[in-house]
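Hi,

Here is the structure I promised to pass on to you. Have a look at it first, and then read on for my notes on what turned up.

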Amino acid sequence: MVTDGAVTARVLVAADKFKGSLTAVQVAERVTAGLRRVVPDVRVETLPVADGGDGTVAAAVAAGFERREARVTGPLGDPVTATYAVRGTTAVVEMAEASGLQHLPDGVFAPLTATTYGSGELLLAAVDAGARTLVFGVGGSATTDGGAGMLAALGARFLDADGKPVGPGGGGLADLAEVDLSGLDPRFAGIDLVLASDVDNPLTGPKGAPEVYGRQKGATEADIATLDAALAHYASLLGPEQADLPGAGAAGGIGYGALVALGARFRPGIEVMLDVLGFAPALDRATFVITGEGSLDAQTLHGKAPAGVAAAARAAGLPVVAVCGRLALAPEALEGAGIRRAYALLDLEPDPAVCMAEAGPLLERAAESIARDFLV
């Protein structure tokens with residue numbers, strides 16, 4: 001049982017963001033407020049988490065990393081300000097900060113030409129800051145260029161038959177005739193680059209980056225075919241055997257570029273981030289765990305933050321409940337993931353628009369229910 005009386009409960013709130021409504025930090029704050037409304041003296045430790053996608057840097061900063069900024073090239077070629085996080089010789093870099101969908105104007109997509117050049121510049125900024133271990137969170141990208149833009153920023157050259165640089169984005173790779181990696185920044189040979197992702201797709205094919213993720217980046221069916229062929233051609237020159245590695249298709253194939261040319265090693269994003277954020281010591285101090293994210297659904301079970309948190313907590317013998325905006329998992333699926341119960345905001349407010357707009361107060365109400373059900 002959790003309690004011998006509420007005073008002894010030590011709650012760990014380790015939840016991801018509610019995308020479009022609340023950051024992971026705000027989720028933790030709202031849950032804490034709701035718990036304390038019912039049990040004022042409950043001991044709460046918060047550890048906002050992320051799985052390598054957008055919000056990863058924010059989670060690192062919340063865990064004590066120093067926030068840094070760099071001016072880099074955005075996916076459309078315009079300058080953007082991107083953040084990364086540093087603690088000692090470890091840096092957390094989020095590719096979406098430089099090359100993410102968040103940098104596209106509403107309704108504007110560039111599936112064939114969006115570039116990861118700024119992600120390479122962001123990695124360089126972290127190395128210039130003294131990082132020797134780079135946790136590279138990849139997800140939320142606006143790009144499908146196989147990481148060619150990133151590698152170009154690090155000194156690689158991608159040339160057409162006339163010896164000129166190919167155009168930006170995945171579409172430009174169709175003209176690729178020569179790959180020259182001799183100019184890559186030599187410091188990366190001594191960097192431990194960890195590719196942190198919640199997807200393990202290959203680069204191309206039916207489960208590849210263009211087919212699975214291209215549409216959300218504005219790609220038409222014709223664009224998807226073009227991108228798939230261009231990436232296959234790119235891989236034939238750079239290293240076809242790595243194109244099928246887990247994570248190669250992450251973030252429009254930037255995973256492939258990191259694996260084949262930078263010696264990156266792939267790890268599930270939530271595992272990496274739990275290590276980086278110091279989750280194990282926090283878990284040792286807890287008797288009860290609350291996790292969550294905006295939507296608990298089938299994707300949650302495949303490498304998302306709540307599943308990683310629940311698995312670790314279950315292994316430690318601790319009870320886990322979840323909060324979410326939308327619940328699309330049956331009780332058996334929740335139980336299988338190690339989650340005793342899920343509290344969905346849509347159960348409190350069925351109108352999705354209102355639910356998102358009022359997510360904070362609704363989450364406090366959900367936390368009050370958790371406190372009444374488990375802590376008193």
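In what follows, a residue is called buried when its relative accessible area is under 20%, exposed when that area is over 50%, and partly exposed in between. Please also keep in mind that this is a predicted model.

**Helix H12**

With that meaning of buried, helix H12, which covers residues 305-315, is a good place to begin. Its buried residues are Ala305, Pro306, Ala307, Gly308, Val309, Ala310 and Ala313. What do the buried residues of H12 pack against? Their partners are two helices, H10 (269-277) and H11 (279-284), together with two strands, E11 (288-296) and E12 (320-327). Just after H12 comes Gly317, which has a positive phi of about 80°.

As a reminder, an α-helix has 3.6 residues a turn, so residues three or four places apart point the same way.

**Cysteines**

You may be wondering about disulfides, so how many are there? The count comes to 0. Cys324 is in no disulfide, and the nearest cysteine sulfur to it belongs to Cys355, 9.2 Å away. Since a disulfide calls for two cysteine sulfur atoms within 2.5 Å, a separation like that does not qualify. Cys355 is likewise in no disulfide, its nearest cysteine sulfur being that of Cys324 at 9.2 Å. Are these cysteines buried or exposed? Cys324 has a relative accessibility of 0% and therefore counts as buried. Cys355 is buried too, with a relative accessible area of 6%.

**Salt bridges**

Charged pairs are well worth a look, as the structure holds 20 salt bridges. One of them joins Arg285 to Glu45, with the closest N and O atoms 2.6 Å apart. Arg285 sits in the loop between H11 and E11, while Glu45 belongs to strand E2 (residues 43-46), so this pair ties together parts that are 240 residues apart in sequence. Arg285 is partly exposed at a relative accessible area of 44%, and Glu45 is partly exposed at 27%.

Another salt bridge runs between Arg215 and Glu221, where the closest N and O atoms are 2.9 Å apart. Here Arg215 is partly exposed, with a relative accessible area of 39%, whereas Glu221 is exposed at 51%.

Asp275 and Arg267 also meet through their side chains in a salt bridge, at 2.9 Å from N to O. Asp275 is exposed, with a relative accessible area of 53%, and Arg267 counts as partly exposed at 23% relative accessibility.

Which residues are linked in a network of salt bridges? They are Arg30, Arg37, Glu364, Glu368 and Arg372.

**Aromatic rings**

Turning to the rings, the count of aromatic pairs is 3. Phe158 and Tyr234 make up one tilted pair, at 6.0 Å centre to centre and with 55° between the planes. Phe158 lies in strand E7 (residues 157-159) and Tyr234 in helix H8 (residues 221-238), so the pair connects parts that are 76 residues apart in sequence. Phe158 and Tyr234 are both buried.

Phe288 and Phe374 have ring centres 5.4 Å apart and planes at 35°, so this pair is tilted as well. Because Phe288 lies in strand E11 and Phe374 in helix H15 (residues 359-375), the pair ties together parts that are 86 residues apart in sequence. Strand E11 is also one of the elements that the buried residues of H12 pack against. Phe288 is buried, with a relative accessible area of 0%, and Phe374 counts as buried at 13% relative accessibility.

There is also an aromatic cluster, formed by Phe158, Tyr234 and Tyr256.

**A threonine in a loop**

One last residue to look up is Thr144. Where is Thr144 found? Its place is the loop between strand E6 (133-137) and helix H5 (148-153). At 2% relative accessibility, Thr144 counts as buried. Leaving aside residues up to four places away in sequence, Thr144 touches Pro111, Gly170, Pro210, Lys217, Leu227, Leu231 and Gly252.

Happy browsing, and best wishes!

Note on methods:
Residues numbered from 1 in each chain as written. Predicted model: local features only at pLDDT ≥ 70, side-chain atom pairs only at ≥ 80, totals over all residues. Heavy atoms only, no water. Buried < 20%, exposed > 50% of the residue type's maximum accessible area, 1.4 Å probe, protein only. Helix = DSSP H or I, 4+ residues; strand = E, 2+ residues; numbered from the N terminus. Contact = heavy atoms within 4.5 Å. Salt bridge = Lys/Arg side-chain N within 4 Å of Asp/Glu carboxyl O. Phe/Tyr/Trp six-rings, centres within 6.5 Å; stacked < 30°, edge-to-face > 60°.
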